[in-house]
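Please open the model in your viewer and keep the sequence panel beside it. The tour below goes from one selection to the next and says what is to be found at each stop.

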Amino acid sequence: MSYKSINNHSMRQTAFVGREREIQQLSALAEEAVQGRGETIFIAGKAGMGKTRLVQEFADSLDAQGFKVLRGLCLPDNYVPLLPIKEALRSGGLYHISTGGNPRAYSSYTS
Ligand SMILES: Nc1ncnc2c1ncn2[C@@H]1O[C@H](COP(=O)(O)OP(=O)(O)O)[C@@H](O)[C@H]1O
Ligand SMILES: [Mg+2]
């Protein structure tokens, strides 16, 4: 798998630079996921150091490679339970599995 930066926001953002090591690490984990060994990845760091941009660039590159990328976002002033997860499901046309209560969501997901 090769990393190719696809910047959907080029009219608003500067060119993406650096982060070769992080992109390489994420690409290796994506390869593992393709083999059925998914991971949860936490990206932590100070405000403004590039967490969102790194994830955005990498998710765009996965999109371009044909991965199904689901995107959800936490908002600081939002109190809707599980909003980022619901949003992620909606972004992938999978919102129906989150409705009707947890047991149904669980059985839809596992069936
Ligand atoms: N690798 C990078 N190359 C170019 N610009 C970057 C890079 N990383 C971050 N930026 C820019 O710096 C600013 C802050 O980055 P952001 O991802 O929002 O930080 P964080 O999410 O860690 O608070 C944004 O304008 C973003 O586009
Ligand atoms: Mg951010």
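Begin by selecting Arg 71, which in this predicted model sits in the loop between helix H2 (51–64) and helix H3 (83–91). Arg 71 counts as partly exposed because 14 other C-beta atoms lie within 10 Å, a number between the 12 or fewer of an exposed residue and the 20 or more of a buried one. If you leave aside residues up to four places away in sequence, Arg 71 touches Ala 59, Ala 88 and Ser 91. Now add Ile 85 to the selection and draw a distance between the two C-alpha atoms: Arg 71 and Ile 85 are 14 residues apart along the chain, and their C-alpha atoms are separated by 8.3 Å.

Stay in the loop between H2 and H3 and select Lys 68, which lies there too. Lys 68 is exposed, because 10 other C-beta atoms lie within 10 Å. From Lys 68 to Ser 91 there are 23 residues in sequence, while the distance in space, C-alpha to C-alpha, is 9.9 Å. Move next to Leu 82, whose place is also in the loop between H2 and H3. The backbone deserves a look here, since Leu 82 has a positive phi of about 60 degrees although it is not a glycine. With 12 C-beta neighbours inside 10 Å, Leu 82 counts as exposed.

Now select helix H2 itself. Its 14 residues should span 20 Å at 1.5 Å a residue, and the end C-alpha atoms are indeed 20 Å apart, so the expected and modelled spans agree. Which residues of H2 are buried? They are Glu 57, Phe 58 and Ser 61, and if you turn the view to look down the axis of H2, the buried residues fall within an arc of 90 degrees, so they line one face of the helix. To see what they pack against, show helix H1 (20–34), which is the partner of the buried residues of H2. Just after H2 comes Gly 66, which takes a positive phi of about 95 degrees.

Select H1 next. This helix has 15 residues and reaches 21 Å from its first C-alpha to its last, close to the 21 Å expected at 1.5 Å a residue. Within H1, pick Glu 22, which counts as partly exposed because it has 16 C-beta neighbours inside 10 Å. A distance drawn from Glu 22 to Leu 54 joins two residues that are 32 positions apart along the chain, with their C-alpha atoms separated by 8.2 Å.

The segments on either side of H1 can be visited in turn. In the segment before H1 you will find Arg 19, which has a positive phi of about 65 degrees although it is not a glycine. Arg 19 counts as partly exposed, with 17 C-beta neighbours inside 10 Å. On the other side, H1 is followed by Gly 36, whose phi is also positive, near 90 degrees.

Now display ligand 1 and select the residues around it. Of the 14 residues that surround ligand 1, the closest are Val 17, Gly 50, Lys 51, Thr 52 and Arg 53. When this shell is coloured by class, it shows four nonpolar, seven polar and three charged residues.

Finally, zoom out to the whole protein chain, which has four helices and zero strands and follows the pattern α-α-α-α along the sequence. Of its 111 residues, 5% count as buried. Among the contacts with a separation of 6 or more, 39% are between residues 24 or more positions apart.

Before closing the session, colour the chain by pLDDT. The protein chain averages a pLDDT of 83, and 78% of the residues score at least 70. Among the elements, helix H4 (residues 102–110) has the lowest mean pLDDT, 58, and H1 the highest, 96. At the start of the chain, pLDDT stays under 50 over residues 1–10, for which the model has 20 contacts beyond four places in sequence. Where pLDDT is low, the predicted coordinates should not be read in detail.

Note on methods
Residues are numbered from 1 along each chain as its sequence is written. Chains are lettered from A and ligands numbered from 1 in the order in which they are written. This is a predicted model: local features need pLDDT of at least 70, side-chain atom pairs count only at pLDDT 80 or more; totals for chains, interfaces and linings use all residues. A residue is near a molecule or strand if its C-beta atom, placed from the backbone, lies within 6 Å of it. Ala, Val, Leu, Ile, Met, Phe, Trp, Tyr, Cys and Pro count as nonpolar, Asp, Glu, Lys and Arg as charged, and the others, Gly among them, as polar. Helices (H or I, at least four residues) and strands (E, at least two) are DSSP runs, numbered from the N terminus. Two residues are in contact if their C-beta atoms, placed from the backbone, lie within 7 Å. The expected span of a helix is 1.5 Å times one less than its number of residues. The arc is that of the directions from the helix axis to the C-beta atoms. pLDDT is the predictor's confidence in each residue, from 0 to 100.
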